[in-house]
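Hi,

Here is the structure I said I would pass on. Have a look at it first, and then read my notes underneath.

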Amino acid sequence: IYQIRHVTEYRYSEPIRDNLMEVRKHPLSNQNQRCLNISLTLDPEVRMFRYLDHLGNVVHHFDVPWIHQELSICGESVVEVKPPAATAPIGWDDLRAAIEQRDFYDMLQNSPLVSPCPEIEQLCAELELSESRAQTPLELVETTVRGLSERFKYRRDATAVDSPVSSVIRQRGGVCQDFAHVVLGLLRRFQVPCRYISGYRYWGEQPQEDTSHAWIEAYVGESGWVGYDPSRGLAVDENYICNCVGRDYADCPPTRGVYRGNATGSLRYAVQVHSAEEEAHDDRFIRR
């Protein structure tokens, strides 16, 4: 059982108004985890609404209609996570049959940050990816994730939040969301249903620079979706807490909005993830 605290603070260079904001800080409840409690606190305090998007994510939204120059959004949740169940791999024919029977459209098509490009084709050849070499789709996923983690470096200064896959491949590095995007691009080339996961990772009692995280899930097992962390080259375990699913990061930002006013905004955020037995630590603001 994990306790999660996710704080986002906006500061604007000039007073603004009509600040319309969407918030995705409600961890999902699915076969691997259960959100036991969730609370969102706003400053300024306004009425909040929520809906389910077409991918099943809980989205809160609100409007600050009056003039203000700062905005704080604090999400606190308690989530129970169990180890992923062992699953047998499905074959290529079984995967094609599943695609015919289920709605995987969103997880097979191009998306804003994951589109076909020459760099994808070059990396595919470098990793020697093919259906003939991989006996099962799961083997293809594992080869892709392992090969990427061996060749790419984790670098915060290599990319921006909206960097496309082509840029990430040329840089040979990036952050966790960039690794996830590259793997999604490679797997979709072979028509393997796969999706972007935005969430958190528990690193143990030792404080980490950032506990927000991103990884992928692919529909390659008899039990359905199987999770892998491309930035670490490993399968996900009970230390991963899923917050949101999407085609790529563009579907999963923790906050997104528009406002009226001639101002620039700056953002900082802090994420804490603790086991239920741990005491809370002080906030640590992390550069996005």
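To start with a small one: which residue in β4 is the bridge partner of Leu52? The answer is Val58. Keep in mind throughout that this is a predicted model.

That pair belongs to a hairpin, so let me stay there for a moment. Strand β3 covers residues 48–52 and strand β4 covers residues 58–64, and the two pair antiparallel over five bridges. Five residues sit between the strands of this hairpin, and Gly56 takes a positive phi near 90 degrees.

β4 has another partner too. Strand β1 (residues 2–23) pairs with β4, again in the antiparallel sense and over five bridges. If you want a place to look on screen, Val23 has His60 as its bridge partner in β4. Five of the seven residues of β4 are buried, so the rest of the structure largely encloses this strand.

Now for the other sheet region I looked at, around β9. Strand β9 runs over residues 212–221, and 10 of its 10 residues are buried. On one pairing, strand β8 (residues 194–201) meets β9 antiparallel over seven bridges, with Ser198 standing opposite Ala214. β9 is also joined to strand β10 (residues 224–229) by five bridges, and these two run antiparallel as well. There, Ala218 of β9 stands opposite Val226 in β10. β9 and β10 make a hairpin with two residues between them.

On to the nonpolar packing. In soluble globular proteins, nonpolar side chains tend to be buried together. The largest nonpolar core in this model has 57 residues, and Val182, Leu187 and Val192 have the most contacts inside it. Helix α5 (residues 176–189) gives the most to this core, with eight residues. What does Val182 touch, leaving aside its neighbours within four places in sequence? It is in contact with Ile120, Leu123, Leu148, Phe152, Val165, Val168 and Ile169. There is also a second, separate core of 13 residues, which includes Met21, Val23, Val46 and Leu71. You will recognise Val23 from above, as the partner of His60.

Last, the cysteines, since you may well ask. How many disulfides does a search of the whole structure find? Zero. Cys124 is in no disulfide, and the nearest cysteine sulfur, that of Cys117, is 11 Å away. Cys124 is buried, with a relative accessible area of 5%. Cys244 is in no disulfide either: the nearest cysteine sulfur belongs to Cys252 and is 3.5 Å away. A pair counts as a disulfide if the sulfur atoms are within 2.5 Å, so at 3.5 Å Cys244 and Cys252 are not counted as one. Cys244 is buried as well, at 0% relative accessibility.

That's what I have for now. Shout if you would like to go through any of it together.

Cheers

Definitions and conventions
Residues numbered from 1 in each chain as written. Predicted model: local features only at pLDDT ≥ 70, side-chain atom pairs only at ≥ 80, totals over all residues. Heavy atoms only, no water. Buried < 20%, exposed > 50% of the residue type's maximum accessible area, 1.4 Å probe, protein only. Pairing = 2+ DSSP bridges. Helix = DSSP H or I, 4+ residues; strand = E, 2+ residues; numbered from the N terminus. Core = buried A, V, L, I, M, F, W, Y, C linked by side-chain atoms within 4.5 Å. Contact = heavy atoms within 4.5 Å.
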